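Reader: I've got a model open and want to talk through its packing and its empty spaces. Can you walk me through the reasoning?

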Amino acid sequence: MTTTAEVEKPRADHGTGRAPRPRPGRIRRIGLPYLLLLPALVLELLVHLVPMVIGVVMSFKELTQFYIRDWGTAPWSGLDNYRVSVDFDAPVGEALLHSFLVTVGFTLLSVGLCWLIGTAAAIFMQDAFRGRGLLRAFFLVPYALPVYAAVITWVFMFQHDNGLVNHVLHDQLHLTDQPSFWLIGDNSFYALLTVSVWKGWPFAFLIVMAGLQNIPRELYEAAALDGAGRWQQIRRITLPSLGPVNQVLVLVLFLWTFNDFNTPFVLFGRAAPEAADLVSVHIYQASFVTWNFGTGSAMSVLLLLFLLAVTGVYLAVTSRGRRATRAR
């Protein structure tokens, strides 16, 4: 009588006692996903990882304009570039600290306003009404426009003499005593914040609007039958249900805004005003304006470490909060 174990036991290979080798077709099926991922992995290696490693190596070299032709011959400086960058009593470190604080304040305001405006617009567009599709498309226009074309348009609007912003605020609404300079001085921070929010909130609107589609309508109908108003429904149903979406959205907005280089560069040029001196532009100036690529690379590595630390802490805190919510 043949047992089940004997039936399921693989047959020996011609009396040698070894199990049969996998067929070539099975090997091809198993290796196909890795083969399809290979082009993306190679491009990721060439575009991101290799330049990142080269940048780290450059941060340990005394790389100035005298060694640009053959940067491999630049002498090693050890941690001197990092010491100069974090010496906040010296001019270089003091300027970097000021740029870092400006970037932190700018990022917090921009991300908060983008999330608030995008969430409010998505909740408003949740109910069906005539023209909703057209209004959705109109909201996404700033996100769909090329960055350079959109920011150059804002440059013309912020002009002192014939810009649209001063024409509306000063000539029509009479909110200011005289036309303001928006691209220099302290007002440059508000100009940069305005352009960043205008450009970034449609992305938040798009992500939140997609997250709202997963909330069952029955929850709102049951809450309405229990006497819950509009604000109570948003507070008790909408915002808690959007928790996982908002966690990813806030992190992406933070990383994009903190690393944003195109907006301030197109808005102000190579030399940003002190009030709008973001870290990305500051590192560019330290590298390509003063020709001190070693110090600029060290600043870039410090920025990378800061963003990695913030991302790790944020993911740990949000994951712990999500597990605590599920435990309840």
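Author: Sure, and keep in mind that the model is predicted. Start with the term: a nonpolar core is a set of buried residues such as Leu and Phe, joined through side-chain atoms within 4.5 Å. The largest one here has 45 residues.

Reader: What makes Phe158 and Leu192 stand out in the largest nonpolar core?

Author: Both are among the residues with the most contacts inside it, a list that also includes Phe205 and Leu253. As for helices, α4, α7, α9, α10, α11, α12 and α13 each give two or more residues to this core, and the largest share, 13 residues, comes from α9.

Reader: How do you know which residues Leu192 touches?

Author: Contact means heavy atoms within 4.5 Å, so Phe106, Thr263, Pro264, Leu267, Phe268, Ala276 and Leu278 count as touching Leu192, leaving out residues up to four places away in sequence.

Reader: Why is the space of about 720 Å³ called a pocket?

Author: Because a pocket is an open set of points, whereas from a cavity the probe cannot get out. Met52, Asn259, Ser300, Leu303 and Leu304 lie nearest the centre of this one, out of 21 lining residues. Helix α2 gives the most to that lining, with eight residues.

Reader: What makes the lining of the second largest pocket partly charged, and how many residues are in each class?

Author: Asp and Lys count as charged, so Lys199 and Asp260, both in that lining, belong to that class. The split is eight nonpolar, four polar and two charged.

Terms used: Residues are numbered from 1 along each chain as its sequence is written. This is a predicted model: local features need pLDDT of at least 70, side-chain atom pairs count only at pLDDT 80 or more; totals for chains, interfaces and linings use all residues. Side-chain values use heavy atoms; hydrogens and water are left out. Buried means under 20% relative accessible area, exposed over 50%, partly exposed in between (1.4 Å probe, protein chains only). Helices (H or I, at least four residues) and strands (E, at least two) are DSSP runs, numbered from the N terminus. On a 1 Å grid over the protein atoms alone, a cavity is a set of points where a 1.4 Å probe fits but cannot get out, and a pocket is an open set with protein on both sides within 12 Å along at least five of seven lines; lining residues have an atom within 4 Å of a point.
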